[in-house]
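Reader: Hi! I'm new to reading protein structures and would love a close look at one part of this one. Could you walk me through the charged pairs and then show me what surrounds them?

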Amino acid sequence: MNRLGLRDSVLILTLVPTVVIGLLLGGYFTINRYLELDEFLIEQGSTIIEPLSIAIEQPLVKNDKAALERIARHIHNMHSPLIKSVAIFDASDSLVVTSNLHRNFERLTNIPPEVHQSLNKAIRDDQYLIFYRGVLDPNAPSHLPFQTAGTVMVQFNRQAAVIEQQKAILISAAVILLAIGFAVAISIRLSRMITQPLSRLVRATGEVARGEEPQNITQAMQGELEQLRLGLVSITEYMADEKDEMQRHIDQATADYQETLEQYETQNIQLNIAKREALAANKVKSDFLAKMSHELRTPLNGVIGFARQLYKTPLNKSQKDYLDTIEASANSLLSIISDILDFSKLEAGAMELESIQFQLRDAVNEVLTLLAPGAHEKNLELSIHVNPNVPEQLLGDPTRFRQILTNLVSNAIKFTEQGEINIDISSRLLADERTSLLISVKDTGVGIAMDKQDTLFTPFGQADSSITRKFGGTGLGLIITKHLVEAMGGRITLNSAPGKGTCFTFNAVFKLPDHHFQSELPCSSLANKRVLYFEQNEHSYMATTSILHAWGVHVSGCRSLEELEQVLTGSFTFDICVLGDAGGVESMALMKQLITLVRPHSDYIYLLLNTVSHNMREALVGSGADGCLSKPINHRKFCEMLAAPYRLDHPTIHTQDRKANRLPLKALVVDDNDANLKLICALLEEQVEELDTAHNGAQAVEVCKSHKYDMIFMDIQMPIMDGITACKLICESSLNEDTPIIAVTAHALTGEKEQLKEVGFASYLTKPLDEDMLCEVLMEHGADHKRLRERHGNKSALSTPPFTSNGLNWELALQRAGGKEDLAHEMLNMLLLSIPETASLIEDAIAAKDHQRLLSIIHKFHGACCYTGVPKLKKLAELIETAMKEQASINDIEPELLELLDELRNLMTDAGLEKNNSL
């Protein structure tokens, strides 16, 4: 009903009761009439057959067929057409006479047995009603009152009764239809009386909803509809008033909005002015940072340079360690300066990570060697444990990884007054040749309150405003660390409570390298050696024991003095005894006692000290120790110290045949820079049997048409034809289409590296080249890997540099020349002779504002610096080239260009060539 309209509802409510009542009454009267007709027929049959049975008693007994036939015909004719047939049967149910013998008469002879007891029997079928009645025998004895002499049958025709019944049904149906028609007419009239006014009200409501004046509700309506009409009229008048009120509000709001827009326009103008001022201030800040970077780097380079000069003087082991720390600290300061400059890159999301191969333990050792003195001054136990399942070699950015670890460990040292700082490193292997490192740095320091922890990872955030005054720091360390960790695909978390210390945990994802290159530790000399190890600190004990077990050493560990004394009571002797010191200088007396105690039971005694004091080391060595190392232990120094006496007992002198080590390969080297070409050829001469050269891409293409090569080394930027075009043409050649082509470039950005591989280069090498890099490429793309591995890692002896200069690293120059001193001298001379011309070309390009020519000059000079041991010049050239490739203008890099020209003059002055060549 809810889905029907009002008109349909009225029709249904009117018609349904009418139809139901009509059907009930018509059905009642029809059925009643039907039954009355049947009863009338039966009564009439009984009325006829009873007198008949009495009338035929005597004729039937006397077997007077004529009388019987006359009586039967008389009854038939009197009641025709109601009676169809009259038949009289004798006592044996045999037919005596009949008034009408028809086709279906034989089925009338089946007389029911109860008829012989003078009972009436009526049988009904579709067309006839048949009456049977027994005829009493008048001569029957008195004790048999119901003995019959025969049977009379009268067949009545029911057609008249059926016709009467059908008439009754038709009359009932006609009466019902008339009643329904009358109800329909009344319901339609009633629905119109309701729906028409309602339709007018609905249309009026729609007009009101559209904001129009209703026109069809002025006429009065009946009953409750009139109340609805009056209510709608009231609503219309009210809405008209509200509309006028709303229009007034709209006009007022529009006026206010226009005024606000004018204010916004004024504010936008002010914001644009402020934005331009901020951009100008940011440019000033960038210029200031660049100039400050230049001013800070210059004295730091002097510190580093003179520290390297001290390396050339006679030094004992402790002095060399001090110089290592000085140089590492200076380099760390340079890194901090770079970090300040990188903070803006982090905010802009422009920080890019390198992907180079490095050794995890060495990277961690560099950080801890730098930070250990600060921990020793506070008498803190600094310990590092690397899980044995952690890969030693990784592909990633070691500089940024060291920066993260440095920030966390230095903070731990800064905020810890007593106790220990433990570093744990574990890993989890991921899919597609990657691993996730999990590093935790835990201290026993002051701790951080829960409500202060979130502020640590915001720029310039500190847990307490007094921390900056007490401990120093800018508050940038952790925010930079957080950005770097996220850039490495990880996240950093903090768990701390006041007075209970702090634990920073972060994970970083690294790739696993295809090849492993590492200097072998002499741990084979320590196999099956018996080592007595004493260490009271639990974490240090676990870390050192793990290292010793990995070297195949049999370790007997002691965690207390009682355990140590108990072990020494036996007659068992040890090859090596390692004693850990947790007390620093204050425990010197105890360490001397321990040395005296274990001396008779061990061949060699080594100490792990919680100090860098040279005097303490000498005093303990004088007391009977064979060697000392500072905590946390450097696994390389530790292994070399333990294996030293066994290696000296079994020296091995080995001379290699250079010609026998050459690989049966034919290589082509293409470079337009003579210095680069000469150095690459010199490095490859010991690696391959046959070598050809070309000075540009066009020459290389022509040579490749007639010669088959096993490997091609191709410079990228060359005159006549560049390396990329040459690579495409060579790949189309039938002789060298499968030859691996290695790109050699001074500096390749991330996008450029991918582009090189898409063009057709099999791999790429970044200048400066050295034997390690060439070995890696030859092992991957060449043949005879075994001989490459045997030669890989050989170091050259350090010779005297040709002159003293802060800009020259002679050890690096020898390394780049493959240990050939004559080649290193020749490469350096070629660079020095090219400096005047290079400086002049740079100045001309700057004056002409020729960006492309300046980039070409810097790229060529960068390539020359890669092989001559001038790291500062190389770094400046690389910085300038990178900036220019990123579309930096000449004005933006003007400070670096001026610094480069200053360094060129300084190098020429140090070489004594300034008087002959004016820059």
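Author: Sure, and one thing up front: this is a predicted model. Before the charged pairs, let's pick a starting spot at the beginning of the chain. V20 sits in helix 1, which covers residues 6–55. Is V20 buried or exposed? Neither, quite: with a relative accessible area of 43%, V20 counts as partly exposed. Together with I12, V16 and L24, V20 makes a nonpolar patch of about 340 Å² on the surface.

Now for the charged pairs you asked about. The general idea is simple: side chains of opposite charge can pair when their charged atoms come close. How many salt bridges does the structure hold? The count is 18.

Let's zoom in on helix 7, which spans residues 360–377. D362 belongs to this helix, and its side chain meets that of R636 in a salt bridge, at 2.8 Å from N to O. On the other side of the pair, R636 lies in helix 15 (residues 635–649), so the bridge ties together parts that are 274 residues apart in sequence. How covered are the two partners? R636 counts as buried, because its relative accessibility is 16% and the limit for buried is under 20%. D362 has 21%, so this residue counts as partly exposed.

Stay on helix 7 and you'll find E366, also in a salt bridge. Its partner is R402, and the closest N and O atoms are 3.4 Å apart. R402 is in helix 8 (residues 398–414), and the pair links distant parts of the chain, 36 residues apart. Both partners are partly exposed: R402 has a relative accessibility of 22%, while E366 has a relative accessible area of 45%.

For another kind of arrangement, look at helix 10, residues 477–487. Here E486 and K482 pair up inside one helix, four residues apart, which is about one turn. Their side chains meet at 2.7 Å, N to O. E486 is partly exposed at 40%, and K482 is partly exposed at 28%. Elsewhere, salt bridges that share partners join E381, E535 and K631 into one network.

So much for charges; what about the nonpolar inside? The largest nonpolar core has 62 residues, and F713 and L854 are the ones with the most contacts inside it. Helix 24 (residues 821–848) gives the most to this core, with eleven residues. Which residues does F713 touch, leaving aside neighbours within four places in sequence? Among them are A667, L668, V669 and V670, along with L684, I742 and V744. The list also includes L765, L774 and V777. There is a second, separate core of 44 residues, and A363, V364, L370 and L380 are included in it. If you go back to helix 7, you'll see that its range of 360–377 takes in A363, V364 and L370 from that second core.

Finally, step back to the whole chain. It has 27 helices and 22 strands, and buried residues make up 44% of its 919 residues. Among contacts with a separation of 6 or more, 67% come from residues 24 or more positions apart. The accessible surface comes to about 48500 Å², with 54% of that belonging to carbon and sulfur atoms.

Conventions
Residues numbered from 1 in each chain as written. Predicted model: local features only at pLDDT ≥ 70, side-chain atom pairs only at ≥ 80, totals over all residues. Heavy atoms only, no water. Patch = residues over 30% accessible without salt bridge, like charges linked within 9 Å, V, L, I, M, F, W, Y side chains within 5 Å. Areas by Shrake-Rupley, 256 points an atom, 1.4 Å probe, with all protein chains shown as cover. Helix = DSSP H or I, 4+ residues; strand = E, 2+ residues; numbered from the N terminus. Buried < 20%, exposed > 50% of the residue type's maximum accessible area, 1.4 Å probe, protein only. Core = buried A, V, L, I, M, F, W, Y, C linked by side-chain atoms within 4.5 Å. Contact = heavy atoms within 4.5 Å.
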